[in-house]
Amino acid sequence: MQASETALIVIDAQESFRHRDYWDDTDVAAYIDRQQALVDGARKLGIAIAQVFHVEPDGVFSLASGHVRTLAPLAIDADAVFHKTRHSALVGSALPVWLTERGIRRLIVSGIRTEQCCETTTRHASDSGYEVDFVGEATLSFAMTDRDGRRWSAQEIRARTELVLAGRFARIATVEQALAGAALRHAA
């Protein structure tokens with residue numbers, strides 16, 4: 001598989017999240033660093049970049065809110081931008097058609113939230129026949145409390161997500177591993 005058959009998907013890396021009660025700056029700088037490195041590396045290798053925004057009719061995820069824009073200070077020069085209304089970026093958007101038209105067979109998944117839209121898109125992509133690299137370090141999530149009152153840190157949520165995806169739905173990769181895989185395919 002060649003780099004031209006690979007696409008980077010940046011899911012929901014948008015300002016809307018800053019306006020949610022659960023927003024926490026703790027992991028944001030590390031996420032921004034890794035997400036930007038992935039975007040820049042993909043651009044350098046000629047990998048197609050698709051940016052996906054979650055939209056809702058009302059609230060901070062509505063287009064009218066003005067928050068459905070790239071999370072600052074990320075700079076994403078996407079080849080295509082899509083809006084979705086579901087967890088999977090492959091449902092209710094034109095993304096699947098765009099991928100098919102370009103002969104994309106491998107996806108590199110990144111963005112916000114690790115255990116929701118990123119994980120759901122990864123599972124859906126795998127079940128749809130795509131080879132998937134899930135780049136957990138280029139995803140962001142926030143602590144959550146379960147029904148028994150246990151507080152799960154963002155790091156625990158990411159570890160759990162990577163555990164259930166690994167070998168079943170995706171290869172768990174660092175930014176460098178995902179880009180190296182594309183570079184090897186590019187040289188072939």
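Two residues are in contact here when heavy atoms of one lie within 4.5 Å of heavy atoms of the other. The structure is a predicted model, and the contacts of a single residue, tyrosine 31, give a way into it. Leaving out residues up to four places away in sequence, Tyr31 touches Ala13, Leu71, Leu74, Gly111, Ile112, Glu137, Ala138, Thr139 and Leu140.

Tyr31 also belongs to the largest nonpolar core, which has 29 residues. Together with Leu8, Leu38 and Ile47, Tyr31 touches the most other members of that core. Five elements give two or more residues to this core: the strands β1 (6-11), β4 (106-112) and β5 (131-140), and the helices α1 (28-45) and α5 (175-187). Of these, α1 gives the most, with seven residues. Another core, of 25 residues, lies apart from this one, and Ala80, Val109, Tyr130 and Phe134 are among its members.

The strands come next. Strands of a sheet pair through backbone hydrogen bonds, and the pairing is either parallel or antiparallel. In this model an open sheet of six strands runs in the order β3-β2-β1-β4-β5-β8, with parallel pairing. β3 and β8 (171-172) stand at the edges and have a single partner strand each, so one side of each is left without a neighbour in the sheet. Elsewhere in the sheet, β4 and β5 pair in the parallel sense over six bridges. Leucine 107 has valine 132, in β5, as its bridge partner.

Valine 81 gives a view of the edge strand β3, where it is found. Its relative accessible area is 48%, so valine 81 counts as partly exposed, a class that runs between 20% and 50%. Leaving aside neighbours within four places in sequence, valine 81 is in contact with Gln51 and Phe53. Valine 81 and isoleucine 49 are 32 residues apart along the chain, and their C-alpha atoms are separated by 8.8 Å.

Some details of the backbone lie in the loops. Most residues other than glycine have a negative phi, and most peptide bonds are trans. Aspartate 12, in the loop between β1 and α1, has a positive phi, near 55°. Is aspartate 12 buried or exposed? Its relative accessible area is 1%, and buried means under 20%, so aspartate 12 is buried.

Two peptide bonds in the model are cis. One joins alanine 72 and proline 73, with omega about 5°. Proline 73 has its place in the loop between β2 (48-54) and β3 (80-84). The other joins isoleucine 112 and arginine 113, with omega about -10°. Arginine 113 is placed in the loop between β4 and α3 (114-127). Isoleucine 112 has already appeared above, among the residues that Tyr31 touches.

The last feature is the largest pocket, which has a volume of about 190 Å³. Its lining is made up of 13 residues, and Asp27, Gly136, Thr139, Gln155 and Arg158 lie nearest its centre. Which elements supply at least two residues each to the lining? They are α1, β5 and α4 (154-165). The largest share, four residues, comes from β5. By type, the lining divides into four nonpolar, five polar and four charged residues. Thr139 links this pocket to the starting point: it is one of the residues nearest the centre of the pocket, and it is also one of the contacts of Tyr31.

Notes. Residues numbered from 1 in each chain as written. Predicted model: local features only at pLDDT ≥ 70, side-chain atom pairs only at ≥ 80, totals over all residues. Heavy atoms only, no water. Core = buried A, V, L, I, M, F, W, Y, C linked by side-chain atoms within 4.5 Å. Buried < 20%, exposed > 50% of the residue type's maximum accessible area, 1.4 Å probe, protein only. 1 Å grid on protein atoms, 1.4 Å probe; cavity = no way out; pocket = protein on both sides within 12 Å on 5 of 7 lines; lining within 4 Å. Points joined across faces, edges and corners; volume = space filled by probe spheres on them. Nonpolar A, V, L, I, M, F, W, Y, C, P; charged D, E, K, R; others polar. Pairing = 2+ DSSP bridges.
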